[in-house]
Amino acid sequence: MRIPIILLLACTPATAFAQQAQSETGPSWEVSSSVEYESGDYGTGTDIEIVSVPNRLGMSIGRVRLVAAIPFYRIEGPADVIPGNVLGLPFLPQPQPDADSVTRKGWGDLELGAAYALPVETVNLSLSGSVKLPTAENGLGTGETDYTIGAELSKALSDKIIPFASVSYTLPGSPDGIALQDRYAATGGVATWLGGKAQLYASYRYAENPDAVATSDQRVQTGLNAWVGSGLSLGVYGSAGLSKGAPDQSVGLRIGLALD
């Protein structure tokens, strides 16, 4: 079965789909869009609600995968909160628990990424890199460029069970007056096939916060991806926070289309 590469670069778990993706030799394209909702105070003492619509375009040729992504945000919270920043964590430059809540909308930063599946026989191993460009509107970004490198690993234990893991390291650009630190993230979990056309997964994620004052983002994640024919795929996913720096909860719905 052909697995859309959009899932490889955009959804958790990325490496769970590497078994099938490496068999692709000719160029192919995929587009996808999601609707995501998350809420919490992220350890700031200030309630924040974020609705985002990530839009992605991906291309694969042989072992190389390329992706471009840009989200649209609607955020309710303090006027200076920046959503979806380094490692996906919103942060407040100057947290104020009693700050008035406002609503802002606009496009976020454009992210360009690439991954290469290494020719390793015993496991599926990919190396990746991405750059996030300061294209956000209405203060919905730091105005600086961020760089991320990462690796993804998976190993099928049977026709249905696939453990996976990934790590990444981000070098954020720091805007004037804000010191952001280099940070890493790691995810580990397992995916299982359901009837050959649907895949269920569960994972644990740890991500350090780029703001030294805020706590880490620790959460459990789960989701279901299904392929419904003619290149169309659907996914539903969610998470529950385990630390103060994580959202209390998040849910999302994704639709993807493979264009051969």
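The mean pLDDT of the protein, taken over the predicted model, is 84, and 83% of the residues reach a value of 70 or more. Confidence falls over residues 1–24, where the pLDDT is below 50. Beyond near neighbours in sequence, this stretch nevertheless has 80 contacts in the model.

The secondary structure comprises two helices and 13 strands. Of the contacts between residues at least 6 apart in sequence, 56% join residues that are at least 24 apart. Buried residues account for 43% of the 260 residues in the protein. The exposed surface amounts to about 11,800 Å², of which carbon and sulfur atoms supply 59%.

On this surface, a nonpolar patch of about 380 Å² is formed by Trp29, Val31, Leu57, Leu257 and Leu259. Two elements each give two or more residues to the patch, namely strand 1, which spans residues 28–40, and strand 13, which spans residues 249–259. Leu259 is located in strand 13. The relative accessible area of Leu259 is 38%; because patch residues must have over 30% relative accessible area, this value meets the accessibility requirement for inclusion in the patch. Leu259 is accordingly classed as partly exposed, and its side chain contributes to the nonpolar patch together with those of Trp29, Val31, Leu57 and Leu257.

Conventions:
Residues numbered from 1 in each chain as written. Heavy atoms only, no water. pLDDT = per-residue confidence, 0-100. Contact = heavy atoms within 4.5 Å. Helix = DSSP H or I, 4+ residues; strand = E, 2+ residues; numbered from the N terminus. Buried < 20%, exposed > 50% of the residue type's maximum accessible area, 1.4 Å probe, protein only. Areas by Shrake-Rupley, 256 points an atom, 1.4 Å probe, with all protein chains shown as cover. Patch = residues over 30% accessible without salt bridge, like charges linked within 9 Å, V, L, I, M, F, W, Y side chains within 5 Å. Salt bridge = Lys/Arg side-chain N within 4 Å of Asp/Glu carboxyl O.
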